[in-house]
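Morning, everyone. I'll talk about aromatic rings, then a pocket. Have a look at this first.

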Amino acid sequence: MSRRIVVVGGVALGSKAACRAKRVNPEAEVYLIDRDEYISYGGCGIPFYISGDVSDVSELRSTSFHMLRDERFFLKDKGVVALTGTEVTGIDRQGKKVAIRRKDGTTDTLAYDKLVLATGTTPRILPLPGRDLENVFTVANLHDALAIKQKVTGGNIEKAVVVGGGFIGLEMAEALADMWEIDTSIVEVFDQIMPGFVSPALAAMAEKAIKEKGVKVYTAEKVEALVGEGAVSAVKTDKRTLDADMVIMAVGVVPNTGLAKEAGLNVTPQGWIVVNDRMQTSDPDIYSGGDCAAVKNLVTGELGYFPLGSMANRQGRVIGTNVTGGSARFDGAVGSFVVKIFDAALAGAGLTADRARAAGFDAVGIQVAQFDRAHFYIEKEVIFLELVVDEKTRRVLGIQGFGGKDSGMVARINAVAPLLKYKPGVEEISNLELAYSPPFASAMDIINALGNAASNYLDGRYRPMTMEEFAACWEDRSCGDTFFLDCRANADAQPFADKYPEIWKSIPHDQLVDRMDEVPRDKKLVLLCNTGVRSYEAQLNLNAKGINDNVSVGAGIAGLKTWGVDFGLDQ
């Protein structure tokens, strides 16, 4: 077994690896080295500390039983020697030692039998004029958290601009706007928020939810400069100038892999450390993981990057086991995530349809809307899921969803995510066994309905229209000879038919067979109902009569309204 284990980096992965190693081999000498004074804290909780959901910053550094994870805690409770304020400046692989520099400027070397690199990342800094102005922040560590919290509690921040519409950007925008009632804007260079993580439809739903809380969102917009004298006063984009007393830069990260590169370890072209399934680098005595390392994407089989605290903790346990002589494995990841959007949640796992196509799959996204609980249960809400499948092989490649934060939507994502590594087909989603009781789910859960919809599509029985396609069609009525057939009850559908009598008709589904002569034969039919069930049944009825030029909006009127489609009605 290893005699001395040195861990470089003391936040999520590093602290977990150090403690696990000491548990497995109590006789090992374990050193945890970090250049910061704060170690072993919940970095993902920083936006919630700023919002006030976490009342004191010490809670981010404490155990569940309220012990502060500082140097004394690691030494006395874990048997790990934590060296804070100490930087590792080099690795001598041949001599198996690291060079260190303490905060007082003194230097030394520390020998190792096994070395763990848990060096994390640094926020990406855009090369913008004004980036060094006062009140321009990143969200990288507890120092940033304390500085931002001090500013907002001072009462002098009235307007804030968040640059970046990813995880940190969205959470910080909510923190500033909700608790502190700061006039907040998000600027995102891509044409949607959460680019690459969710489909445009689900991103649009989340964006609408954000705007309804007073946060302004500007997508497809590039920041060109930060303006101000001494302190920032505005953000200049390629389309407008936004007043700002504070700017949060949340435009991604770069890996802290300088040590690894200088030591000659293998890294990806993007700079992430390459590891195998035992979390070993190209040097078998050096391990790595967490935000500085790349691991296998279990959907594509290629190396991927997954900056998630939960994953870093799991990898840390694997590393702690292996540096003490074990043989634990970390096969890779599918990238499960969830982000809180005020009262809603946006979540997913695996690939979006766009990313799947870029990876070489013949991918399509199938959208479904359904109540989160039994339709007859008093408390319920509609949630939205999208399943990404390969049309050639029927393989499920990913899933994303949007719904209320208490709707159980994230539980549906978590039910499918573990299956993705096994290359499931749509039938496995159709028949997935899930716990059922009316207060918690439907007898035919939305997950099963999602698999069924995908199966019906692949079998040629279902021709869907996505929310994106409907929105583009409806915006300028550019659908050509298109007619909208509303399959809901008259009370719901008639206002639409009255508003647009030339292109919209109400025929409740239970009357369709008897009123088939009222259906236009010379137009493309767009079938709608509230969540897509009745419109699919109508599609089957029409197909049986030879009326095949039709599509069904899979997420229904409920989805289109959540998307933000404006029907010109007070609904």
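Start at F197. This is a predicted model, and in it F197 has a relative accessibility of 31%, so F197 counts as partly exposed. Keep that residue in view.

Now widen out. How many aromatic pairs does a search of the whole structure find? The count is 17. Take one of them. F73 and F74 have ring centres 5.5 Å apart. Their planes stand at 85°, so this pair is edge-to-face. The cut-off for that label is over 60 degrees.

Are F73 and F74 buried or exposed? F73 comes out at 5% relative accessibility, so F73 is buried. F74 is at 1%, and F74 is buried too. The threshold for buried is under 20%.

Back to F197. Its partner is F337. The ring centres are 5.5 Å apart, with 75° between the planes. That is another edge-to-face pair. Where do the two residues sit? F197 is in the loop between strand 11, residues 183–187, and helix 6, residues 200–212. F337 belongs to strand 22, residues 337–341. The two are 140 residues apart, so this pair links distant parts of the chain. On exposure, the partners split. F337 has a relative accessible area of 8%, so F337 is buried, whereas F197 is partly exposed.

Next, a cluster. Ring pairs join seven names here: F470, W474, F484, F496, Y500, W504 and F567. Look at F496 in particular. The charged end of R488 sits over the F496 ring, 4.8 Å from the ring centre. So F496 has ring neighbours in the cluster and a charge over its ring.

There is a lysine case as well. K380 lies over the face of F371, 5.6 Å from the centre of that ring.

Last topic, the second largest pocket. Its volume is about 430 Å³. How many residues line the second largest pocket? There are 23. Nearest the centre are R314, G332, A333, V334 and S336.

Which elements supply the lining? Helix 8 (309–322), strand 22 and helix 10 (409–416) each give at least two residues. Helix 8 has the largest share, with four residues. Strand 22 should sound familiar: F337 is in that strand.

And the chemistry of the lining? It divides into 13 nonpolar, six polar and four charged residues.

That's my tour. Over to you.

Terms used:
Residues numbered from 1 in each chain as written. Predicted model: local features only at pLDDT ≥ 70, side-chain atom pairs only at ≥ 80, totals over all residues. Heavy atoms only, no water. Phe/Tyr/Trp six-rings, centres within 6.5 Å; stacked < 30°, edge-to-face > 60°. Buried < 20%, exposed > 50% of the residue type's maximum accessible area, 1.4 Å probe, protein only. Lys NZ or Arg CZ within 6 Å of the ring centre and 35° of its normal. 1 Å grid on protein atoms, 1.4 Å probe; cavity = no way out; pocket = protein on both sides within 12 Å on 5 of 7 lines; lining within 4 Å. Points joined across faces, edges and corners; volume = space filled by probe spheres on them. Nonpolar A, V, L, I, M, F, W, Y, C, P; charged D, E, K, R; others polar.
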